[in-house]
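Visitor: Got a minute to walk me through this one? Keep it quick.

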Amino acid sequence: MHGKKIHRSQASATEKLIMIADYLTEEDQSSLSFSIPQFIEESSKRSAEQRFTLKELNEEIIIPEINVFNTIIEDGINTGEFDDELDVSEVSIMLYSSLTSMSLMNHYLPDDTDIKSVVNNFMNRMITTMKT
């Protein structure tokens, strides 16, 4: 499945989740794992009155990204690809937090660590549990 070119609008929910996982582990991407530190750094440069709060960080960066997972999982449930008993919000948070953490770790692990393999194994296990 990896390496195969699929247009996003034609991709299944599983394929979309794998595309996100692949994107998050790319070396030259600008995902959330880089957005949060940039957001915090920009905020720290502002005066106390102008600084972003954690609530703003959550509302402006984190919630919209989690909503992407919500939409994909809901689509997967609606098409019968995923179990209709899934707690969409819970699974979205698990995927989002795990993938963004792995994306951050990618930059701090020893060079011989194959983060793509770790992410692929994680995604295969998660998707297997999500299927009907």
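Visitor: How much surface does the protein chain expose, and what share do carbon and sulfur atoms supply?
Guide: This is a predicted model. The protein chain exposes about 8,400 Å². Carbon and sulfur atoms supply 51% of that area.

Visitor: And what percentage of the residues is buried?
Guide: Buried residues account for 36% of the 132 in the protein chain.

Visitor: What's the secondary structure, in numbers of helices and strands?
Guide: There are 5 helices and 0 strands. From the N terminus on, the order reads α-α-α-α-α.

Visitor: What about contacts with a separation of 6 or more? How many of those join residues 24 or more positions apart?
Guide: Such pairs account for 62% of those contacts.

Visitor: Let's do packing. How do you describe two packed helices?
Guide: By the angle between their axes and the distance between the axes.

Visitor: Fine. At what angle do H1 and H3 cross?
Guide: Roughly 155°. H1 covers residues 13–24, and H3 covers residues 54–78. Their axes come within 8 Å.

Visitor: Parallel or antiparallel, then?
Guide: Angles over 145 degrees count as roughly antiparallel, so H1 and H3 are roughly antiparallel to each other.

Visitor: Is the crossing of H1 and H3 left-handed or right-handed?
Guide: Left-handed.

Visitor: Which residues meet there, in H1 and H3?
Guide: H1 brings Ala-13, Lys-16, Leu-17 and Ile-20. On the H3 side are Val-68, Phe-69, Ile-72, Asp-75 and Gly-76. The residues of this H1 contact with H3 split into 6 nonpolar, 1 polar and 2 charged.

Visitor: Now H1 with H4. What's the geometry of their axes?
Guide: The axes of H1 and H4 come within 9 Å and cross at roughly 25°. H4 runs over residues 88–105. Angles under 35 degrees count as roughly parallel, so H1 is roughly parallel to H4.

Visitor: Which side chains should I look at? I mean, which residues in H1 and H4 meet?
Guide: In H1, pick Leu-17, Ala-21 and Leu-24. In H4, pick Leu-95, Leu-99, Thr-100 and Ser-103. The contact of H1 with H4 has 5 nonpolar residues, 2 polar and no charged. Leu-17 also takes part in the contact of H1 with H3.

Visitor: Changing topic: where is Ser-98 found?
Guide: Ser-98 belongs to helix H4.

Visitor: Why does Ser-98 count as partly exposed?
Guide: Because its relative accessibility is 23%. Buried would need under 20%, and exposed over 50%.

Visitor: Last one. How far is Ser-98 from Phe-122, by C-alpha atoms?
Guide: The separation is 8.9 Å. Along the chain, Ser-98 and Phe-122 are 24 residues apart.

Technical notes
Residues numbered from 1 in each chain as written. Predicted model: local features only at pLDDT ≥ 70, side-chain atom pairs only at ≥ 80, totals over all residues. Heavy atoms only, no water. Axes fitted to C-alpha atoms, helices over the stretch in contact; angles between N-to-C directions. Helix = DSSP H or I, 4+ residues; strand = E, 2+ residues; numbered from the N terminus. Parallel < 35°, antiparallel > 145°, perpendicular 65-115°, else oblique. Left-handed = near helix turned anticlockwise from the far one by under 90°. Contact = heavy atoms within 4.5 Å. Nonpolar A, V, L, I, M, F, W, Y, C, P; charged D, E, K, R; others polar. Buried < 20%, exposed > 50% of the residue type's maximum accessible area, 1.4 Å probe, protein only. Areas by Shrake-Rupley, 256 points an atom, 1.4 Å probe, with all protein chains shown as cover.
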